[in-house]
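Hi everyone, thanks for coming. I'd like to walk you through a protein chain I've been looking at, so please have a look at the picture and then I'll start.

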Amino acid sequence: MEKTELTYEDLETYLPEYDFDEKQKQFFKETFEIIMHNKDTSKVTCFADRPGIGKSTLIKAFMHCCIGYDIFKGHYDPIGLIIVTDSMKRLEGLSDSKNERKEAEECWGELFEEWGIKYHYREFEKSVIVLKSDTPFLEQLKKQHYKPVVLMSTQRYFMLSKKVRDQLFAFNHDGKVIKRNIVIFDECPYFSETVQINSYNLAMIEAALLEGLSDDVKDKEFVTREFGVFKNRMIEEMAQNEKELKHSDVSLYWKDERYSTITPNDALFFKVVDDNMESLTQKYSAIMNDLDSLREMAEKGAIFYRFKKKNDKNYERSFVLVKDNRDAFYLGQDKKFFVFDATADLDPRYDLDYVEIIDGKKYNKPLNMTITNVNIPTSKTTLCNKKSVKVTNVIKNYINSNVACGFGKQRRVLIVTYKNLCSRFSNDFNHVGYFGNLKGFNDYKDIYKMAHIGLNRYSPMAYFYLYCGCHMDKYRELSEMPKKQSLKFLTELVQKQECQDFLKDVMVRSMLADFEQNIFRLAIRNYLNMDNVQIWTFYNADGGIYDALTRAIEERYSQYGVHFEYENSPIELQISKIQDRKPPKGKEKTNAQKIVDWRNALPDGTEYEIKELLKGTGLTDKQFQKAKSKNQVLLSILNADKTDKKGHYCKKAV
């Protein structure tokens, strides 16, 4: 078996029989050449190509090339490959060759057996392994030593210790060791991690040590006793730090002034843990990751964070570390990492000195798409509470009247919103998803309409952690501050608008990247789609961060022919705002409320004059004029009721 240099013709053999666009073919060829010939291991190479271009198709075809057998070349040395993605569903799709086998059998007919094509698919099934969380990991680790192609989840890859992870980069084939030196991440890897340690993590680790270590383990008593002491010390530190915080949502940087280790003998502690990794991870899967974080926290400290959710009496308390994962990419060594992520050119997580982004704009095509913004407050705080049912009902009425209208496919609409809101929409609409759970799937590629309700926005602290992950010098600067100075810095970061501008770019780019991943679940994901796709966004676009996001959306998509529309808040909601306003002390209603209530009592289509309105509300003309001048919503409602006949109005349906 001689080594062979794969060519693009080899890859073409395994591309499905499909009428690919010329730009897609160009993408396949050029990307394949980069994967085969870019050997610069000091950089992680990221392909920022639009969703739907065919990256999964390319990866699957490349897997077929790597197993070391095809019908024309026969056997050759396989090529070691690791594929990492964030969804078990996608891993199973990549490892399953049933559909390709069936298509090949239909395409080749009798030659499928005669030429031994079926043998290739048997080889594929023997050469690929998916590392699953529901199977003992050491058992899988042994099996992967004989498989050229390994597939695993992003979470699992970064949870592994370096000692275990190193074992992934080689396999045995016919008695010799071959390197797995190509790693492909399908979606964004964890370049950095924000690790949260709280009383729950500490309790889970303690329980895992007590139950996961056999009584035969020589130093079990030392390990469990000393970790218990450490756990209690950390809980005491949380209580002490909490006393120093006067506001509900503030942080400080904490360092242990007495100790810099977890136990008096961390070398022994971690040896016992490493020797019993399998049984410990069965009790608590994140134990290794958490203990590594605690070791770093003991040495360097961490951010102490106290947060109180609105309408919740209890505080959440935790230590937070920002971990730099660059070591997991083996920079400068004999392993080359590639990333496929459509929004890599947008996402601030890629702002790293060891990342190179290959722009995919040349593969883009015009988009037949309309984006309509409905100007309505839809923050998570506004919508995800019992009082907001009226607002969500207004949104549902709008969708039924303006979005889910027509026949057949025109009635189908994908609702995307906060996870807590899904139940309010699932009874009325068949396709409902939530932020953070749509990326990478093709389930909705035949739907042409979307209602994007709210935006996947996080707290300022979350964006600060993200920023620190790409600018570790900022995190180190914080870690060197005295506690009081760190408290002042982090408090101002959260509470002062001028300090929030420091993170404005990170916020806008993150929200835009998330928005793009969501809208490309629809039919525009289909590269050859020519039909109009319509997106309705529901958020308040006036001023601040949302105005900046709106401009960024226009800049991103206008170059591809996307049409933009803007609508005011639905009149129904505007009326509700007037009705919900608290009247001045001593009054049952405001004058605007009297006018709206009188008007609402009229049947739709009823004509009226101002003198009737004044008589019905008991207002003077002066009071009426003042109410109109002070309340633009009321003015717009009355203006909409005007008829061609001067002084005459007609109640319009809302």
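Before anything else, one definition: two strands count as paired if DSSP finds at least two bridges between them. Keep in mind, too, that this is a predicted model.

Okay, with that in hand, here's a sheet. It has six strands, it's open, and the order is β18-β17-β19-β20-β16-β21, with parallel pairing. Which strands stand at the edges? They're β18, residues 431–434, and β21, residues 563–567; each has a single partner strand, so one side of each is left without a neighbour in the sheet. From one strand to the next, the twist averages 20°.

Let's zoom in on one edge. Strand β16, residues 369–374, pairs with β21 in the parallel sense, over five bridges. If you want a pair to click on, try valine 374, whose bridge partner in β21 is glutamate 567.

Now, what packs on this sheet? Helix α17, residues 389–403, does, and it touches β16, β17, β19, β20 and β21. Its direction makes about 160° with that of β20. Then there's α24, which lies across β16 and β21 and runs at about 160° to β21.

Let's stay with α24 for a moment, as there's a nice residue in it. Threonine 550 lies in this helix, which covers residues 544–557. Is threonine 550 buried or exposed? Its relative accessibility is 10%, and the cut-off for buried is under 20%, so threonine 550 counts as buried. Its side chain makes a polar contact of 2.7 Å with the side chain of tyrosine 539. Leaving out residues up to four places away in sequence, threonine 550 touches Tyr539, Ala541 and Tyr566.

Next, the second sheet on my list. This one is open as well, with seven strands in the order β5-β6-β4-β9-β14-β1-β15, and the pairing is parallel. The edges here are β5, residues 128–130, and β15, residues 355–359; each of them has a single partner strand, so one side of each has no neighbour in the sheet. The twist averages 20° from one strand to the next.

Inside that sheet, strand β9 (residues 182–186) and strand β14 (residues 336–340) pair in the parallel sense over five bridges. Valine 183 stands opposite phenylalanine 337 in β14. Helices pack here too: α4, residues 88–95, touches β4, β5, β6 and β9, and its direction makes about 165° with that of β6. Helix α7, residues 117–127, touches β5 and β6, at about 40° to the direction of β5.

So what about the inside? As a general point, nonpolar side chains in soluble globular proteins tend to be buried together. In this model, the largest nonpolar core has 149 residues, and those with the most contacts inside it are Tyr157, Leu209, Phe227, Leu294, Ile399 and Phe538. Helix α23, residues 504–519, gives the largest share of this core, eight residues. There's also a second, separate core of 38 residues, and it includes Leu6, Leu91, Phe124 and Tyr363.

Let me pick out two residues. Isoleucine 399, leaving aside neighbours within four places in sequence, is in contact with several residues, including Val413, Phe425, Ile453 and Phe538. Methionine 511 sits in helix α23, and at 2% relative accessibility it counts as buried. Again setting aside neighbours within four places, the contacts of methionine 511 include Leu455, Tyr463, Ile545 and Leu549. And here's a fun one: methionine 511 and leucine 346 are 165 residues apart in sequence, and 9.7 Å apart in space, C-alpha to C-alpha.

One more helix. In α15, residues 287–300, the 14 residues should span 20 Å at 1.5 Å a residue, and the end C-alpha atoms are 20 Å apart, which agrees. Its buried residues include Ile287, Leu291, Leu294 and Ala298. Right after α15 comes glycine 301, with a positive phi near 90°.

To finish, let's zoom out. The chain has 29 helices and 23 strands. Its C-alpha atoms fill a box of roughly 100 × 75 × 40 Å along the principal axes. Of the 654 residues, 52% count as buried. And among contacts between residues at least 6 apart in sequence, 75% join residues at least 24 apart.

Definitions and conventions. Residues are numbered from 1 along each chain as its sequence is written. This is a predicted model: local features need pLDDT of at least 70, side-chain atom pairs count only at pLDDT 80 or more; totals for chains, interfaces and linings use all residues. Side-chain values use heavy atoms; hydrogens and water are left out. Helices (H or I, at least four residues) and strands (E, at least two) are DSSP runs, numbered from the N terminus. Buried means under 20% relative accessible area, exposed over 50%, partly exposed in between (1.4 Å probe, protein chains only). A polar contact is a pair of N or O atoms within 3.5 Å; within protein, one must be able to donate a hydrogen and the other to accept it, and residues adjacent in sequence count only if both atoms are side-chain atoms. Contact means heavy atoms within 4.5 Å. A nonpolar core is a set of buried Ala, Val, Leu, Ile, Met, Phe, Trp, Tyr and Cys residues joined through side-chain atoms within 4.5 Å. Axes are lines fitted to C-alpha atoms, for helices over the stretch in contact, and angles run from 0 to 180 degrees between N-to-C directions. The expected span of a helix is 1.5 Å times one less than its number of residues.
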